[in-house]
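The following exercises concern a single protein chain. Each task is followed by a solution in steps.

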Amino acid sequence: MLQLSHPTSEINGKIQITGSKSESNRWLILQQLFPSIQRIENLSNSEDTKVLLEALNLFNSRSNVQNKALEINIGHTGTAMRFLTAFFAIKTDVEIILTGSERMQQRPIEPLVTALNSLGCNISYIKKEGFPPLRIKAKSSLNDELEIRADISSQYITALLLVAPILPNGLKIHFLGELTSRPYIEMTKQQLESIGIDVKWLDEGLKVKPIKNISEQHVLVESDWSSASYWFSMLALSESSEIELSSYKNKSLQGDASLKQIYAQYFGIQSEIEDAVLKLKKIADFKFPESIELNLNSTPDIAQTIALTCAGLKIKAKLTGLHTLKLKETDRLEAMRNELKKVGVDTVITENSIELVAFNKVNDIPTIETYQDHRMAMAFAPLALKMPLKINDEAVVDKSYPTFWQDLRSVGFAIV
């Protein structure tokens, strides 16, 4: 457990943010499919990326497996479960048991498994229907067209897009319903296109053309915008402050770059990017709104950050488009309701929204539970600029931002 506070509520400094785990994990799968991607620079140092890399290395040593299944455990890493399900289903020549933590075994995988099996893959459930662990065997002949619900995690669709170029006839994906988190799918599309793969939007889906070889590639991963979100929140909750974050692009593939517009409009944070440095400055005498309403259907990963910024500033807020948050490391809507109560905030949640409706005085130092969820720890941490608080299971930040507490200390947070 850590106790956090800040003696001045003013933060200034220069921070190096690790590469985006979203981009990094996509590149690692593509590098396995296309070895001419010879170097990936600024690869994320997150636990998620390390777990995925270890799983791929274990798979590449599968020649040592004889007459038994290769078991790969990815712990809490949802991205690895989804990306590897598709990758192994297309590539494996041995039987693989793909499993994870107790929480991972409660997170649904059925839409992706059904889609892959409809292509001709051979995936079955070992315990509960629709959930990991999975038994993946060598594929038979593969089809080139499938249907999948569009209102599910974008990672299911990304998993399919990543393996699509090596299918004999490519892949046509038909979406059923309204698409969720389109920016994350757009990120995947643009990464594929950047190495010469033809991907086109259809009226109700996507089409990927097959390709056998690509030219030699060296790729650079932009730093993670989700990790940057906590610094936007800190500035909003601080006194006059400035922060520089590296390394970012003006034309980002990451949907969470919409932070720039959201925090400028509602929280008075001015941002600009020069020479890959994201410079953040709090606008003096900015007048905060009494309430805000945002649909975060395209960027649900920044919902916790925005909710806690509003909590610290006592801004009533209604955040919608959050149905996928119930299927993350924890039920994030329920977790936020529980922990916001501890810092004096009354909320109302539905299946796809959270509303901050009242703010009450807090007499004791609250202890925030993280529910094995990295974003719970990091979203609440900036609130220490307004009140001291304690955070349980601080190591959970390793999942995406291992140097988070070190970076907070460098800008004056007292952490014991």
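**Exercise 1. The annotated active site**

Task: State which residue UniProt lists for "active site", where that residue lies, and whether it is buried or exposed.

Solution. Step 1: the UniProt record, an unreviewed entry, lists D301 as "active site". UniProt positions are given in the numbering used here, feature names are shortened, and annotations may be inferred rather than shown by experiment. The model is predicted: local features need pLDDT of at least 70 and side-chain atom pairs count only at pLDDT 80 or more, while totals for chains, interfaces and linings use all residues. Residues are numbered from 1 along each chain as its sequence is written, and side-chain values use heavy atoms, with hydrogens and water left out.

Step 2: D301 lies in the loop between strand 16 (291–295) and helix 9 (303–313). Helices (H or I, at least four residues) and strands (E, at least two) are DSSP runs, numbered from the N terminus.

Step 3: D301 has a relative accessible area of 12% and is therefore buried. Buried means under 20% relative accessible area, exposed over 50%, and partly exposed in between (1.4 Å probe, protein chains only).

**Exercise 2. The surroundings of D256**

Task: Locate D256 and identify which residues it contacts and which side chains it meets in polar contacts.

Solution. Step 1: D256 is placed in the loop between strand 13 and helix 8. Its relative accessible area is 2%, so D256 is buried.

Step 2: apart from neighbours within four places in sequence, D256 is in contact (heavy atoms within 4.5 Å) with Y184, W225, S226, T299, D301 and I302. The annotated residue D301 is thus one of the contacts of D256.

Step 3: the side chain of D256 makes polar contacts with the side chains of Y184, at 3.1 Å, and S226, at 2.5 Å. A polar contact is a pair of N or O atoms within 3.5 Å; within protein, one must be able to donate a hydrogen and the other to accept it, and residues adjacent in sequence count only if both atoms are side-chain atoms.

Step 4: D256 and S226 are 30 residues apart in sequence, with a C-alpha to C-alpha distance of 6.1 Å.

**Exercise 3. Two serines of the binding site**

Task: List the residues that the "binding site" annotation covers, then describe the settings of S153 and S154.

Solution. Step 1: according to the unreviewed UniProt entry, "binding site" covers K21, S22, R26, S153, S154, Q155, S181, D301 and K328.

Step 2: S153 belongs to the loop between strand 8 (145–149) and helix 5 (154–163), whereas S154 lies in helix 5.

Step 3: S153 is buried, at 14% relative accessible area, and S154 is buried, at 6%.

Step 4: with residues up to four places away in sequence not counted, S153 touches R82 and T324. The side chains of S153 and R82 are joined by a polar contact of 3.3 Å. On the same basis of counting, S154 touches T180, S181, Y184 and I185.

**Exercise 4. The packing of helices 7 and 8**

Task: Determine how helix 7 and helix 8 are arranged, and which residues meet.

Solution. Step 1: helix 7 (residues 225–237) and helix 8 (residues 259–267) pack at about 15 degrees, with their axes 11 Å apart. Axes are lines fitted to C-alpha atoms, for helices over the stretch in contact, and angles run from 0 to 180 degrees between N-to-C directions.

Step 2: the two helices are therefore roughly parallel to each other. Angles under 35 degrees count as roughly parallel, over 145 as roughly antiparallel, 65 to 115 as roughly perpendicular and the rest as oblique.

Step 3: W225, A228, S229, F232, S233 and A236 in helix 7 meet L259, K260, Y263 and F267 in helix 8.

**Exercise 5. Backbone geometry in loops**

Task: Identify where the cis peptide bonds from P132 to P133 and between S246 and S247 are placed, and describe N42.

Solution. Step 1: the P132 to P133 bond is cis, with omega near 5 degrees; P133 is in the loop between strand 6 (122–125) and strand 7 (134–137).

Step 2: the bond joining S246 and S247 is cis, with omega about 0 degrees. S247 is found in the loop between strand 13 (242–246) and helix 8.

Step 3: N42, a residue other than glycine, has a positive phi near 60 degrees. N42 is in the loop between strand 3 and helix 2 (47–60), and is partly exposed, at 29% relative accessible area.
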